[in-house]
Amino acid sequence: ILVVDDNPTNLKLASEMMECEGYRVDRAVDADSALAAIALNRPDLILMDIESLMSSAEMGLINSIAAS
């Protein structure tokens, strides 16, 4: 699972909840770090802050993922 959130508290909470359930979690704080994480290890699931969807960088992330 890749968790993407620019809020450190939310990133930590979501990541730790998934890890407590036994999932391996990668973290990213923005679109650039998310793309880097995806390049290293393509996740089965991406959890992304819904407010982040409004930024052009995050929309670029979604388009990049969809195109690959």
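**Cores and helices in the predicted model**

Alanine 28 makes a handy way into this predicted model: setting aside neighbours within four places in sequence, alanine 28 is in contact with Leu2, Val3, Val4, Asp5, Leu11, Ser33 and Ala34. Several of these partners turn up again in the cores. A second, separate core of 5 residues, for instance, includes Leu11 along with Ile1, Met18 and Val25.

Alanine 28 itself belongs to the largest nonpolar core, a set of 8 residues. Its companions there are Leu2, Val4, Ala31, Ala34, Ala37, Ile38 and Leu61. Strand 1 and helix 2 are the elements that give two or more residues to this core, and helix 2 gives the most, with 4 residues. As a general matter, nonpolar side chains in soluble globular proteins tend to be buried together.

Helix 2 spans residues 31-40 and also holds leucine 35. How buried or exposed is leucine 35? Its relative accessibility comes out at 33%, so leucine 35 counts as partly exposed. Beyond residues up to four places away in sequence, leucine 35 touches Leu61 and Ser64. Leucine 35 and leucine 61 sit 26 residues apart along the chain, yet their C-alpha atoms are separated by 6.9 Å. Leucine 61, for its part, is one of the residues of the largest nonpolar core.

Now for helix 1, which takes in residues 8-20. With 13 residues, helix 1 reaches 18 Å from its first C-alpha to its last, close to the 18 Å expected at 1.5 Å a residue. Leu11, Ser15 and Met18 are its buried residues. Viewed down the helix axis, the buried residues of helix 1 fall within an arc of 65 degrees, so they line one face of the helix. What do they pack against? Their partners are strand 1 (2-4), strand 2 (26-28) and strand 3 (46-48). Two of the buried residues, Leu11 and Met18, are also among the members of the second core. Flip to the other side of helix 1, and Thr9, Lys12, Leu13 and Cys20 are exposed.

Both ends of helix 1 deserve a quick look. At the N-terminal end, asparagine 7 acts as the cap, with a side-chain oxygen 2.9 Å from the backbone nitrogen of threonine 9. That same threonine is listed among the exposed residues of the helix. Past the other end, helix 1 is followed by glycine 22, whose phi is positive, near 100 degrees.

Technical notes
Residues are numbered from 1 along each chain as its sequence is written. This is a predicted model: local features need pLDDT of at least 70, side-chain atom pairs count only at pLDDT 80 or more; totals for chains, interfaces and linings use all residues. Side-chain values use heavy atoms; hydrogens and water are left out. The expected span of a helix is 1.5 Å times one less than its number of residues. Buried means under 20% relative accessible area, exposed over 50%, partly exposed in between (1.4 Å probe, protein chains only). The arc is that of the directions from the helix axis to the C-beta atoms. Contact means heavy atoms within 4.5 Å. A polar contact is a pair of N or O atoms within 3.5 Å; within protein, one must be able to donate a hydrogen and the other to accept it, and residues adjacent in sequence count only if both atoms are side-chain atoms. A nonpolar core is a set of buried Ala, Val, Leu, Ile, Met, Phe, Trp, Tyr and Cys residues joined through side-chain atoms within 4.5 Å.
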